[in-house]
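Work through the exercises below with the model open beside you. Try each task before you read its solution.

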Amino acid sequence: MIASNAHLPLAAELRAPAWPVNAVIFVCVSTAALFTTSPLIFVLFAAAAAVCVALELWRPTVGKVATLATLAALILWVAADAGQPPLLALLVAPVLCAAALLGLPAALITALAGTLLLLAAPRLTGLPADGFTIGIPIALLWIACAALAMVYYPIWDVIRWAGEYYDRTQRQLAEAGERKLILEQVTAELSHTNEQLTRMNALAQGLHLAAEEARAAKQQFVANVSHELRTPLNMIIGFSEMILDAPEAYGARIPPALLADLAVIRRNAGHLSELVNDVLDLSQIEADQMALHREYVGFSEVLDSAVIGVRPLYQSRGLYLRSEVAENLPAIFCDPTRIREVLLNLLSNAGRYTDTGGVQIRAYREGAQLTVAVTDTGRGISPQDLGRLFQPFSQLDASLSRRNGGAGLGLSISRQFIELHDGRMWVDSEVGKGTTFYFQLPLAPAGPLPETAARWLDPDWEYVGRTTPSVIPRTPLRSRYLVCDSNGALRNLLEHSLPDAEVIPVDGVAGARAALAEQMADLFLFNDLSVVVGFDRLDAQGGPPPEVPTLVCAVASPQDEPAVRGAAARLVKPILRRTLLDTLAQVGVTSGVVLIVDDEPDALQLFGRLLVSAERAYRVLTAGTGVEALQILENHAPDAILLDLVMPDMDGYELLARLQSDPALRDTPVIIISARDPATYPIVSRGLALAHPDGLSARQLLTVINFTPRLFAPGPAADPTSPAASPGAPAS
């Protein structure tokens, strides 16, 4: 324990200075000088005390030792000079002072030195050498040491703990300083990073706006490309087909070489038309505007129609084409047109890239999936080429001298068609042994839930409270729409275009209220041929249901409105000669006057020649604008009208409305000739009206007014669910 004093710098700081002892020495010397006959001795002691003070200023430990020695000598001399042995007991004072000035070890050394001094005192001072005179001071010396030890040990424990705590505090203070520097550095870096993130966020917002503008431009291109590409294609295909099918319409005999060249032009124009359709399909899929018209259909029927379409290719190349469909295969819920396109694409590719052997198709059931495999005996595909097989505009042989043409879109579009059906497509190939393309389709959609609210209840359930927060992401609720639709057109549109929504057919307002009594819905949709008439019928049935908003629209069925209200049929450019004549025959016009309304002079010339060259008694009138068409209609009543919808002064919709308002022209068959595919942006409703159960407040009305221009603006419509699209819009 004594050795531990060396590790306690705090103990040294707690030791007393030596000047009080020197002061006592001076007082004792001054007092004794008044009663002694030898003042020289006291002068010497006073000088010794002064030297001790000087030594302490120079070397504190040496000065303190000198002070203790001076005090002991003074006590011994006073006891001898006064002849009083009991004064030797004052030698305890140096021991106590040593403990105060230098510590307990110095006190023990001082006690030992005092013991030796007392034993030598009789010879040095002439005092009696009896045990009482010498023994009592010695005992006092060691009793004082024992008392000092009992006092010092607890104090040293406290000092040792304080020293260790002090050292630990110093280390922690140093660590805190280092961590403070690190924290300041991290704070500076975070501040710099936050500044960079702010700049990157501003850049990202700009890039997002640029991407939205690019997306809007892309969708606008999808809307306009059909008109820009299909119109000239219509001219090329139409004139070349007419010359090939009815060369006598041009009078003089046409040379066979020219007819052969025209056949090449016709074939390549048809290929270009297919390419345009592929590009439009790809753009619609990427813009999420590809609607599937699903129905239950037998897969054998779809496969047979595809096989019939490609069999001439296989026969011309001397290849076999075999199909194997499992027995008792149930009907699948799909869009038969799109699946037929997938099969045609796979079979056409397999036939073009197979030189010997042929292709085998297998269709079989795997659980709830229909698996189709198309296996060829071609040259196969290398592993490094499989990764880019389904990429748009990617071809394994991209050289100009490749044997097989194509734009590299067929497989990409086919795969996306399959994925739109919640299926998947993959390929397995080995070089030199052939390739097998697989795709899987679900046989049927998920079964509908029970219609009553009891579907959510189970009497065996027991509620157990959650003790920890859930980390499972919440699944969004399905939108639930009540639809009153006499012709089924609106319900079919919702089921095909909104597969995640729950469409509940109801019978009028009474049926809607009965359905709302079981479970709430998001919207009540009332479809009628006229919005005004629809509201009148709602009022006659007691008014809209008060629980949900009501939307009245006018969506006609394909039987009621094949293309546009007031039109008998709709044809999409390029229009073949046979298609045009068959459509006129279907509307009952096999002869008579036909008015062609189109702002393209080439289109007027083409359709005029197509009709004049037909083996029917057609007379043709042409109008380049809607206004010119009205002027012709004032003097002539045509048997049929070929009408383009997109015209500068008066579009086709307005002209149709004028015809419907004229009793003399209302029954005239109108055939729409348009370069825009109705599947891209179909006109399904000519009117829309909204009724809210609590009425519309000024804020709600302004929200609707503010959102409507963006909804009908060209390009992507704003998301109605986003805060930016409808700020402050109330939930309905």
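The exercises cover confidence, two sheets and three helix pairs in this predicted model.

**Exercise 1. Confidence**

Find the average pLDDT of the chain, and name stretches where the pLDDT is below 50.

Solution.
- Step 1. The chain averages a pLDDT of 76. Of the residues, 74% score at least 70.
- Step 2. Look at residues 398-406. Here the pLDDT is below 50. Beyond near neighbours in sequence, the stretch has 11 contacts in the model.
- Step 3. Now take residues 714-732. The pLDDT is below 50 here too. This stretch has 31 contacts beyond near neighbours in sequence.
- Step 4. Where pLDDT is low, predicted coordinates should not be read in detail.

**Exercise 2. A sheet with mixed pairing**

Give the strand order of the sheet that contains β2, and say which strands lie at its edges.

Solution.
- Step 1. Five strands make an open sheet in the order β2-β4-β5-β7-β6. The pairing is mixed.
- Step 2. Check the edges. β2 (320-325) and β6 (424-430) each pair on one side only.
- Step 3. From one strand to the next, the twist averages 15 degrees.
- Step 4. Zoom in on one pair. β6 and β7 (residues 434-442) run antiparallel and are joined by seven bridges. In this pair, V427 stands opposite F437 in β7.
- Step 5. Add a helix. α10 packs on the sheet and touches β2, β4 (358-366), β5 (369-376), β6 and β7. The direction of α10 makes about 175 degrees with that of β7.

**Exercise 3. Two partners of α10**

Describe how α10 packs with α9, then with α12.

Solution.
- Step 1. Recall the two values to look for. Packed helices are described by the angle between their axes and the distance between the axes.
- Step 2. Start with α9 (residues 299-317) and α10 (residues 336-352). They pack at about 25 degrees, with their axes 9 Å apart.
- Step 3. Classify the angle. Angles under 35 degrees count as roughly parallel. α9 and α10 are therefore roughly parallel to each other.
- Step 4. Find the handedness. α9 passes α10 in a right-handed crossing.
- Step 5. List some contacts. Residues of α9 in the contact include F299, V302, L303 and Y314. Among those of α10 are P336, I339, L343 and L347. By class, the contact has 14 nonpolar, four polar and three charged residues.
- Step 6. Move to α12 (residues 410-420). α10 and α12 pack at about 145 degrees, and their axes are 9 Å apart. The crossing of α10 past α12 is left-handed.
- Step 7. Name the residues. R338, I339, E341, V342, N345, L346 and N349 in α10 meet G410, L411, S414, F417 and I418 in α12. They divide into six nonpolar, four polar and two charged.

**Exercise 4. A parallel sheet**

Which strands stand at the edges of the sheet that contains β13?

Solution.
- Step 1. Write down the order: β12-β16-β15-β13-β14. These five strands form an open sheet, and the pairing is parallel.
- Step 2. Read off the edges. β12 (569-572) and β14 (618-623) each have a single partner strand, so one side of each lacks a neighbour in the sheet.
- Step 3. Neighbouring strands are turned by 20 degrees against each other on average, direction ignored.
- Step 4. Check one pair. Six bridges join β13 (residues 592-597) to β14, and the two run parallel. V593 stands opposite R619 in β14.
- Step 5. Place α16 (residues 577-586). This helix packs on the sheet, touching β12, β14, β15 (640-643) and β16 (670-674). Its direction makes about 175 degrees with that of β12.
- Step 6. Place α17 (residues 601-612). This helix also packs on the sheet, touching β13, β14, β15 and β16. Its direction makes about 170 degrees with that of β14.

**Exercise 5. The pair α16 and α17**

At what angle do α16 and α17 pack, and which residues meet?

Solution.
- Step 1. The angle is about 70 degrees, with the axes 10 Å apart.
- Step 2. Angles of 65 to 115 degrees count as roughly perpendicular. So α16 is roughly perpendicular to α17.
- Step 3. α16 passes α17 in a right-handed crossing.
- Step 4. R577, L580, L581 and L584 in α16 meet F607, L610 and L611 in α17.
- Step 5. By class, this contact has six nonpolar, no polar and one charged residues.

How values were computed
Residues are numbered from 1 along each chain as its sequence is written. This is a predicted model: local features need pLDDT of at least 70, side-chain atom pairs count only at pLDDT 80 or more; totals for chains, interfaces and linings use all residues. Side-chain values use heavy atoms; hydrogens and water are left out. Two strands pair if DSSP finds at least two bridges between them. Helices (H or I, at least four residues) and strands (E, at least two) are DSSP runs, numbered from the N terminus. Axes are lines fitted to C-alpha atoms, for helices over the stretch in contact, and angles run from 0 to 180 degrees between N-to-C directions. Contact means heavy atoms within 4.5 Å. Angles under 35 degrees count as roughly parallel, over 145 as roughly antiparallel, 65 to 115 as roughly perpendicular and the rest as oblique. A crossing is left-handed if the near helix is turned anticlockwise from the far one by less than a right angle, and right-handed if clockwise. Ala, Val, Leu, Ile, Met, Phe, Trp, Tyr, Cys and Pro count as nonpolar, Asp, Glu, Lys and Arg as charged, and the others, Gly among them, as polar. pLDDT is the predictor's confidence in each residue, from 0 to 100.
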